[in-house]
Amino acid sequence: MEGAPASCKREVPGLMFMCSELYVAAFDGRIQEVKRLLSRNSSRASVAENNQTSPPGRRSTAIHQGVCCITREVTAGQCTLMHVAAGQGHCELIAELCLRDSGLLSMVNSSLDTPLHCAAKAGHAGAIDAMVRLASDVEGDMLRVVLSSKNKAGDTALHAAARHGHGAAVETLMKMAPELATELNAAGVSPLYLAVMSRSVRAVAAIVGYTDASAAGPNSQNALHIAVLQTSEMASLLLRWRPALATDLDINKSSPLHFASSDGDCSIIQEILTYAPPSAAYLQDTEGLSSLHAAALMGNVPAVRLLLQFYPASADIRDNHGRSFLHAAAMRGHRSIISHAIKNQMLEPLLNEQDMEGNTPLHLAVRAGEYKVVSKLLSSGKVHAHILNNAGHTPFDLVENATGFFSMASLVVSLFVSSAQFRPQRQDHMKKWNGQDIMKWREATSKNLAIVSTLVATVAFSAAFNVPGSYGSDGKANLNGNRMYNAFLLLDTIAVTTAVMATILLIYGRASRSHRSWITFIISMHFLWLSLLSMMLGFYTAIAAVMSDKKPIKTAVARLIYCGLYILMTLLAELAMPGSLLGVLRFVVGGCSRRQRLVKRHISRQYPFVVMYAINSFLFIVINTIAISAVDTTASLRI
């Protein structure tokens with residue numbers, strides 16, 4: 001660069017990095033400062049020309065070392081001054097730069113973004129309008145180049161604005177070049193799909209104003225597939241614009257109605273059913289699942305009701321396994337959908353419908369371990385529990401597939417109470433249930449319970465020597481003879497004794513690895529629970545012994561403990577009971593008829609711990625009821 005000032009010389013002619021002073025001035029939109037810095041660029045014109053004519057792959061880089069600047073300087077990402085000004089929305093600076101060098105409008109950075117892309121990403125509608133108008137004033141095809149340019153991702157400026165949800169920018173681009181709405185990027189995605197993804201209703205409304213706009217998305221989806229997961233307003237816009245979108249299928253043959261049904265928004269489902277052709281409700285995906293199946297699999301009861309209200313005949317659709325939506329609901333454990341089907345007379349035939357393997361909804365619910373669904377189906381009185389599938393198994397036979405002990409026990413109780421039966425088989429061919437290693441579970445539980453029982457015994461033992469009311473000078477308790485104090489001593493003694501007994505039994509059970517040790521384990525559980533209840537009641541009697549003689553205060557404390565015990569018992573009964581209390585009682589005392597005796601004998605052979613578990617669950621409720629009654633009894637005592 002001969003003739004240029006020494007301070008402006010570059011080591012290697014080529015691509016010029018932007019000086020910090022010029023970059024900051026352009027970023028802040030200080031147009032006068034930019035003009036001043038660009039006014040001393042005559043000596044570098046030859047370098048700019050060389051940079052403009054050199055192929056991109058052969059351009060050299062050099063570090064700006066002077067104070068004189070030119071318009072073609074770039075940042076590390078090869079952004080020009082026009083990129084910087086467009087990204088910040090400085091319209092006056094854009095006009096000034098275009099006046100000096102209109103070629104800046106079409107220059108691209110390292111991501112192949114033009115200044116129009118930068119303005120669109122930032123949502124500067126004014127800058128977009130200014131650049132498009134300036135490009136239209138330039139001779140040649142500058143306007144076409146600016147509008148149609150795509151970056152490395154294949155995005156046009158409209159893609160960029162829609163991706164970031166800039167409604168105003170999308171509106172501006174659509175007014176000036178609506179044909180951009182037909183362009184797809186490198187991933188095959190349309191601007192409309194990106195606008196829906198950004199949740200910009202304004203951008204979506206602007207694009208659907210063009211009739212020929214594309215709605216394409218990835219994996220053969222269209223914009224409605226994603227709109228149904230957004231808002232009903234957006235889905236309504238698309239359906240009114242192009243109702244045929246409702247029947248388009250993605251790569252898995254899922255329609256927008258499949259998506260909406262799985263999500264469960266009834267307002268959107270109703271919108272689709274209103275505008276879409278009737279065939280939309282009968283479309284099936286690659287697995288043969290309809291929209292009704294999708295709603296049932298997710299347990300969306302309102303969606304199921306709405307779909308059946310519009311198209312009740314869609315209930316007959318079967319998937320590739322020959323399963324109805326009721327099979328799907330039973331398999332997933334959605335009891336509310338089962339309840340709806342039981343109450344609907346048109347759906348009653350589906351309750352005993354068999355799939356290609358001969359399984360009814362009851363078979364699938366048992367196989368999945370969904371004992372609440374099983375109980376609901378059986379309690380309806382409309383389900384046949386004796387139906388054999390193609391393998392010759394009744395629902396009762398499939399209990400052997402249960403992996404959890406509680407699930408297995410609950411299924412056995414529910415099926416027995418409902419008079420279900422096993423398939424005919426030789427008893428010596430029957431295998432004991434081994435879905436879970438009960439012995440290992442018992443050993444691990446025994447270890448933890450032994451720690452708890454030891455701790456309870458320690459606390460109760462210590463309480464005996466730290467009695468309420470303390471001791472007198474003669475070494476005797478000050479409250480000796482007090483009824484509440486005597487009750488405390490009795491309860492504390494029971495707590496110590498039962499806790500020690502529980503500890504001994506648990507240690508013995510761990511040492512003895514025979515199946516008979518289950519009896520000691522169960523007994524130790526009852527002893528431990530009794531010790532905990534005794535401690536709780538002992539706490540109340542200790543407080544009552546030392547507090548004021550006012551009965552309302554004692555009654556309030558008693559009621560508080562009563563409510564706590566009641567809530568605790570209810571929660572434990574709900575978690576531990578293998579069915580309802582009446583069902584467990586019928587299971588325990590049932591077996592009067594010959595058929596019941598045969599079934600119960602089969603249960604005792606194949607599921608040997610269920611009977612014991614049911615008996616102890618019932619006994620647990622009885623003990624808790626007695627404990628709650630004891631609270632009222634102790635509360636009525638007077639000092």
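Ring pairs join Tyr282, Phe310 and Tyr311 into a cluster; here, rings of Phe, Tyr and Trp (its six-membered ring) pair if their centres lie within 6.5 Å, and planes under 30 degrees apart count as stacked, over 60 as edge-to-face and the rest as tilted. The model is a predicted one, in which local features need pLDDT of at least 70 and side-chain atom pairs count only at pLDDT 80 or more, while totals for chains, interfaces and linings use all residues. Residues are numbered from 1 along each chain as its sequence is written, and side-chain values use heavy atoms, with hydrogens and water left out.

By the ring rule, the count comes to six aromatic pairs. Within the cluster, the rings of Phe310 and Tyr311 have centres 6.4 Å apart and planes at 40°, so this pair is tilted. Tyr311 is buried, at a relative accessible area of 15%, whereas Phe310 is partly exposed, at 30%; buried means under 20% relative accessible area, exposed over 50%, and partly exposed in between (1.4 Å probe, protein chains only). Another aromatic pair, Tyr371 with Phe406, is edge-to-face, with 5.6 Å from centre to centre and 85° between the planes. Tyr371 belongs to helix H22 (residues 371–379) and Phe406 to helix H23 (residues 405–417), so the pair ties together parts that are 35 residues apart in sequence. Both rings sit in partly exposed residues, with relative accessibility of 24% for Tyr371 and 23% for Phe406.

Stepping back to the whole chain, the protein has 30 helices and two strands. These elements are DSSP runs numbered from the N terminus, with helices (H or I) of at least four residues and strands (E) of at least two. Of its 639 residues, 49% count as buried. Among contacts between residues at least 6 apart in sequence, 74% join residues at least 24 apart, where contact means heavy atoms within 4.5 Å.

Helix packing can be followed in the pair H1 and H4. Helix H1 (residues 20–28) packs with helix H4 (residues 81–88) at an angle of about 30°, and their axes are 8 Å apart. Axes are lines fitted to C-alpha atoms, for helices over the stretch in contact, and angles run from 0 to 180 degrees between N-to-C directions. H1 and H4 are therefore roughly parallel to each other, since angles under 35 degrees count as roughly parallel, over 145 as roughly antiparallel, 65 to 115 as roughly perpendicular and the rest as oblique. At their interface, Leu22, Tyr23, Ala26 and Phe27 of H1 meet Leu81, Val84 and Gln88 of H4. By class, this contact has six nonpolar residues, one polar and no charged ones; Ala, Val, Leu, Ile, Met, Phe, Trp, Tyr, Cys and Pro count as nonpolar, Asp, Glu, Lys and Arg as charged, and the others, Gly among them, as polar.

Helix H5 also has a buried side to its story: Leu93, Ile94, Glu96, Leu97 and Cys98 are buried there. The buried residues of H5 pack against H1, helix H2 (31–38), H4 and helix H7 (125–137).

Finally, two loop residues deserve a look for their backbone angles. Most residues other than glycine have a negative phi. Gln78, although not a glycine, has a positive phi of about 65°, and Gln78 is found in the loop between strand E2 (61–62) and H4. Leu112 has a positive phi near 65° and lies in the loop between helix H5 (91–100) and helix H6 (115–122). Gln78 is partly exposed at 34% relative accessibility, and Leu112 is partly exposed with a relative accessible area of 34%.
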